[in-house]
Amino acid sequence: MQLKSEKIYIGEIPVYVVHPIREEKGPVIFYHGWSSNALAQMSRAALLAVNGYTVYLPEALHHGERDPLEDYYVVEDYPVFWNTIFNNIEEYNSLYEFITAKEKMAPFIMGHSMGGMTVLGIACKYPDKVRGVVSFNGSGDWGLTHLFIQARFGVNVGRNWVLEDVVDARSPVNNLEHLADIPILMTNGESDISIDPRAQAHFYENLMQVNHTSKRITYPLLGHFVTTNMMDDAISWMDEVSASLERVKFKRNVIVLIISMFLVSAGYTMVIPFLPLYLSELGVPEEQLTLWTGLVFSSCFFVAALMGPIWGKLAD
């Protein structure tokens, strides 16, 4: 089985694209983690593509070919971590415009670690431009994660850190009102020591107050990894969300059709008072006006009865 992949540029952003072989379920944008790169996500993209999704893998700033760092775990570069997340969020609109113009639908956004934090931030800023969110080993409580990262990696920036207020203001846990209507799935390894899962647990507790359809899955004894089980759970969840959105769309279309048919039928009946006058002007004798009025008016419904099955078959 051969999957088609290509490398494109959306503005200045290098993006790897993996296409499905047959079924088209829509686009997915997958954001990689800190110190990784887009190309390293190809196996995850392939699994999504096999299941029918078109996958876009954008390269984050300071990764891959975009001015990479020599060492990603130097304390002095800690602010770069957060600025990379902020930059991912700012660049999302360019990706969205390109992908929706091509795919004709909003994408699912998915990410691991830093990417899992990125997608929750994107959802806060662009709630109307995402189909659903999957956060692998990420966090929506950035303030708490900031504290955990300092303890885990020995980062000591102090309480007057330059990005303290920015991280707090843009943290998804402080912008829950934007996430109320977005399908969200969060997965965490319970033994993750890189992005402490307690921050995501706290975020999830708060999120459930405004978004009762959000879901969180934890995996015992699992560290900071995306497993096949995680991917399978995410794909099943996305399929369920897509089916649910299609049902909503179908109901909306039915309501629109009912209203449209009512207005069309009402328009037919509004013609009745004027038909005799119009037929009289055409020269129909007065004693035959009743007959011809009935024939003309009923002809619309007669033709509709004949053509209804034909149009229905063509529509199917």
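With which side chain does the side chain of Ser 242 make a polar contact? The tour ends at that residue; the whole chain comes before it.

**Whole chain.** The model is predicted. Display all 316 residues as a cartoon: nine helices and eight strands make up the secondary structure. Turn the view along the principal axes, where the C-alpha atoms fill a box of roughly 100 × 45 × 40 Å. The radius of gyration is 28 Å, whereas a compact globule of 316 residues would have one near 20 Å.

**Surface.** Switch on the accessible surface, which comes to about 16900 Å². Carbon and sulfur atoms hold 59% of this surface. Colour next by burial: 45% of the residues in the chain are buried. Then colour by charge to find 22 positive and 35 negative side chains. The centres of these two sets are 5 Å apart.

**Contacts.** If your viewer draws contacts, keep those with a separation of 6 or more; 74% of them join residues 24 or more positions apart.

**Helix α7.** Select residues 228-270, which form helix α7. Within this helix, pick Ser 242. Ser 242 counts as buried because its relative accessibility is 11%, under the 20% cut-off.

**Around Ser 242.** Show the neighbours as sticks. Leaving aside residues up to four places away in sequence, Ser 242 touches Tyr 53, Phe 108 and Arg 131. Of these, select Arg 131 for the opening question: the side chain of Ser 242 makes its polar contact with the side chain of Arg 131, at 3.3 Å.

Notes
Residues numbered from 1 in each chain as written. Predicted model: local features only at pLDDT ≥ 70, side-chain atom pairs only at ≥ 80, totals over all residues. Heavy atoms only, no water. Helix = DSSP H or I, 4+ residues; strand = E, 2+ residues; numbered from the N terminus. Rg over C-alpha atoms; globule rule 2.2 N^0.38 Å. Buried < 20%, exposed > 50% of the residue type's maximum accessible area, 1.4 Å probe, protein only. Contact = heavy atoms within 4.5 Å. Areas by Shrake-Rupley, 256 points an atom, 1.4 Å probe, with all protein chains shown as cover. Lys, Arg positive; Asp, Glu negative; His and termini not counted. Charge placed at Lys NZ, Arg CZ, Asp CG, Glu CD. Polar contact = N/O pair within 3.5 Å; in protein donor to acceptor, adjacent residues only side chain to side chain.
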